[in-house]
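Work through the exercises below with the model in view. Try each task before reading its solution.

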Amino acid sequence: MVSTREVSVDDATTVTQMVGALLSELDASDVRAELDARLVAGLLAMKERIHGFLGFVEERAVGIIMVAESISLFARGSYGIITELYVVPDHRSSGVAMSLIEAAVALGTAKGWGQLEVGAPKQPVWSRSPNSALYLKAGFAEMGPRLKLPLHDVTSSRPPAKPPTSSRLERRRRHVLRRHNPDTAVARAGWPAPNLTWRGLQGWFERDRQLGQRPLPSLLHSME
C-alpha cells in the first residue's frame with residue numbers, strides 16, 4: 001500500500017538522491033552536477049513557494065513529486081507547477097505516481113490554486129512517453145508547448161554579478177538567424193549583418209515584403 005507525506009528540510013538528502021536519479025534518466029548531467037543536499041535544503045526551506053511529497057511502500061521512499069507555486073492573471077491568481085515527478089523503476093505502474101499527483105492536487109485545493117500544470121518533453125517524445133497517459137488519466141489537459149529563456153548558465157547556481165556586455169536576447173537572435181540561414185547572414189547576399197538591431201531587422205523584413213520578396217515567418221516567430 002502506498003502512503004505519502006509532505007517533505008521537509010530533513011528530507012534534503014532523500015530529495016537530492018531522487019531528483020538526481022530523475023535528472024540522470026533525462027540525461028541532464030549538467031544540472032545534476034549542481035544539485036547537492038545544501039542547495040536542496042535551502043530550497044525546501046522556502047515553504048511558501050515550494051512543496052513536495054514523498055511516496056512510501058512500507059517504510060521505503062519510492063517516489064517524489066515537487067510542486068512550485070506561481071501566480072498569473074490567466075489563472076486568476078496562484079497556481080501550482082509540477083517541477084519533478086519520479087518513481088524508482090521497480091515500483092512504477094503500481095499506483096505510486098498517481099498517489100503523488102493526488103497529494104499535489106489536495107495541496108493545491110487546500111491552498112486555493114486555480115490549476116496545476118506540468119511541463120512535457122517535445123513531441124514526438126511526449127506522445128510516446130508513458131507519462132502522457134498517466135497525466136491524461138489524472139485529468140490533465142494538453143495546453144501546447146512551453147518555451148524557456150535561461151537567465152543564467154545552468155552550471156552556475158547564481159546569476160552573474162554584472163550583466164553581460166551584449167544582450168542575451170541579441171545573442172539568441174544571432175543564433176536563430178544562423179540556424180534559419182545555414183549559409184550565414186554575412187556570406188549570403190541580401191541578408192542583414194549579425195550586428196543589426198532588432199528594430200533594424202524588422203525594417204529589413206518590411207522592405208523585403210514591399211519588394212515582393214519572401215521573408216521567413218518562422219524566424220520572426222521564433223524570435224518574438
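Two strands count as paired if DSSP finds at least two bridges between them. Keep in mind that the model is predicted.

**Exercise 1.** Give the strand order in the sheet and the kind of pairing.

*Solution.* Start with the order: β1-β2-β3-β4-β5. The five strands form an open sheet. The pairing is mixed. Now look at the edges: β1 (2-6) and β5 (116-118) stand there. Each has a single partner strand, so one side of each is left without a neighbour in the sheet. Last, the twist: from one strand to the next, the average is 30 degrees.

**Exercise 2.** In which sense do β4 and β5 pair, and over how many bridges?

*Solution.* Find β4 at residues 77-87. Its pairing with β5 is parallel. The two strands share three bridges. Then pick out one pair: Ile81 has Glu117 in β5 as its bridge partner.

**Exercise 3.** Place the strands among the helices along the sequence.

*Solution.* Count the elements: nine helices and five strands. Next, read the pattern along the chain: β-α-α-α-β-β-β-α-β-α-α-α-α-α.

**Exercise 4.** What share of the residues is buried, and what share of the exposed area comes from carbon and sulfur atoms?

*Solution.* Take burial, with a cut-off of under 20% relative accessible area. Of 224 residues, 31% are buried. Turn to the surface: the chain exposes about 15000 Å². Carbon and sulfur atoms supply 55% of that area.

**Exercise 5.** Among contacts with a separation of 6 or more, what percentage joins residues 24 or more positions apart?

*Solution.* Keep the contacts in the chain with a separation of 6 or more. Residues 24 or more positions apart account for 55% of them.

Note on methods. Residues are numbered from 1 along each chain as its sequence is written. This is a predicted model: local features need pLDDT of at least 70, side-chain atom pairs count only at pLDDT 80 or more; totals for chains, interfaces and linings use all residues. Side-chain values use heavy atoms; hydrogens and water are left out. Helices (H or I, at least four residues) and strands (E, at least two) are DSSP runs, numbered from the N terminus. Buried means under 20% relative accessible area, exposed over 50%, partly exposed in between (1.4 Å probe, protein chains only). Contact means heavy atoms within 4.5 Å. Accessible areas come from the Shrake-Rupley method with a 1.4 Å probe; for residues, only the protein chains shown count as cover. Axes are lines fitted to C-alpha atoms, for helices over the stretch in contact, and angles run from 0 to 180 degrees between N-to-C directions.
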